[in-house]
Amino acid sequence: QVQLVESGGGLVQPGGSLRLSCAASGTIFSINAMGWYRQAPGKQRELVAEVTSAGSTNYAESVKGRIAISRDNAQNTVYLQMNSLKPEDTAVYYCNAWVKPTLWEAHSSYWGQGTQVTVSS
């Protein structure tokens with residue numbers, strides 16, 4: 001069983017900052033990519049940023065220069081530092097990880113429960 005637990009969401013004014021954290025726990029042999037997605041009301045879930053186990057990153061165009069993803073492989077944790085937040089960043093943010101639970105299993109995609117980020121004055 002693999003669990004992803006997110007924290008760090010909340011209400012912030014435009015131009016403000018938030019840092020999201022997501023810790024993976026349970027039966028984990030290895031983790032490949034970890035990432036953050038978001039879903040605003042009435043919209044599809046979209047990729048915000050992802051990072052491989054080697055540290056390569058990929059960002060949505062809309063967040064480049066404002067948001068940074070990082071991970072601590074020893075702690076199975078991924079972070080999302082969000083700066084210069086805009087009202088259009090308001091969404092539920094979901095953590096995702098491709099986890100190989102045991103040596104004999106393939107990597108599978110796991111999701112956190114989501115954390116609300118609201119950018120409003």
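This report describes the strands, the disulfide, the salt bridges and one buried threonine of a predicted model.

## The four-stranded sheet

Four strands make up an open sheet in the order S1-S3-S8-S7, and their pairing is antiparallel. Its edges are formed by strand S1 (2-7) and by S7, each of which pairs on one side only. On average, and with direction ignored, neighbouring strands of this sheet are turned by 15° against each other.

Within this sheet, S3 and S8 run antiparallel and are joined by six bridges. One position along this pairing is given by Leu20, which stands opposite Leu80 in S8. In a regular strand, side chains alternate between the two faces of the sheet.

## Two successive hairpins

Strand S4 (residues 30-39) pairs with strand S5 (residues 46-51) in the antiparallel sense, and five bridges hold this pairing. Tyr37 stands opposite Leu47 in S5. The two strands S4 and S5 form a hairpin that has six residues between them, and in its turn Gly42 adopts a positive phi of about 80°.

S5 also pairs with strand S6 (residues 57-59), again in the antiparallel sense, over three bridges. Here the bridge partner of Ala49 is Tyr59 in S6. S5 and S6 likewise form a hairpin, with five residues between them, and Gly55 in the turn has a positive phi of about 100°.

## The disulfide

How many disulfides does a search of the whole structure find? The search finds one, formed by Cys22 and Cys95, whose sulfur atoms are 2.1 Å apart. The pair links distant parts of the chain, since Cys22 belongs to strand S3 (residues 18-26) and Cys95 to strand S9 (residues 91-100), with the two cysteines 73 residues apart.

The link of Cys22 and Cys95 is left-handed, with -80° about the S-S bond. Both Cys22 and Cys95 are buried. A disulfide is a covalent bond between the sulfur atoms of two cysteines.

## Salt bridges around Asp89

The structure holds four salt bridges. Side chains of opposite charge can pair when their charged atoms come close. Asp89 takes part in a salt bridge with Arg38, in which the closest N and O atoms are 2.9 Å apart. Asp89 lies in the loop between strand S8 (77-82) and S9, whereas Arg38 lies in strand S4, so this pair ties together parts that are 51 residues apart in sequence. Both Asp89 and Arg38 are buried, and for Asp89 the relative accessible area is 1%.

Asp89 also forms a salt bridge with Arg66, and in that pair the closest N and O atoms are 2.7 Å apart. Because Arg66 lies in the loop between S6 and strand S7 (67-72), while Asp89 lies in the loop between S8 and S9, the pair ties together parts that are 23 residues apart in sequence. Arg66 counts as buried, at 11% relative accessibility. Together with Glu46, the residues Arg38, Arg66 and Asp89 are linked in a network of salt bridges.

## The salt bridge of Lys64 and Glu61

Another salt bridge joins Lys64 to Glu61, with the closest N and O atoms 2.7 Å apart. Are these two residues buried or exposed? Lys64 is partly exposed, because its relative accessible area is 46%, whereas Glu61, with a relative accessible area of 63%, is exposed.

## The surroundings of Thr115

Thr115 is placed in strand S11 (residues 115-119). Its relative accessibility is 13%, so Thr115 counts as buried, given that a residue is buried under 20% relative accessible area.

Which residues does Thr115 touch, not counting residues up to four places away in sequence? On that basis, Thr115 touches Glu6, Gly9, Leu20, Ala91, Val92 and Tyr93. Gly9 is also reached by a polar contact, in which the side chain of Thr115 comes to 3.4 Å from the backbone nitrogen of Gly9. Another residue that Thr115 touches is Leu20, and Leu20 itself stands opposite Leu80 in S8.

Definitions and conventions: Residues are numbered from 1 along each chain as its sequence is written. This is a predicted model: local features need pLDDT of at least 70, side-chain atom pairs count only at pLDDT 80 or more; totals for chains, interfaces and linings use all residues. Side-chain values use heavy atoms; hydrogens and water are left out. A disulfide is a pair of cysteine sulfur atoms within 2.5 Å. Buried means under 20% relative accessible area, exposed over 50%, partly exposed in between (1.4 Å probe, protein chains only). Two strands pair if DSSP finds at least two bridges between them. A salt bridge is a side-chain nitrogen of Lys or Arg within 4 Å of a carboxyl oxygen of Asp or Glu. A polar contact is a pair of N or O atoms within 3.5 Å; within protein, one must be able to donate a hydrogen and the other to accept it, and residues adjacent in sequence count only if both atoms are side-chain atoms. Contact means heavy atoms within 4.5 Å. Axes are lines fitted to C-alpha atoms, for helices over the stretch in contact, and angles run from 0 to 180 degrees between N-to-C directions.
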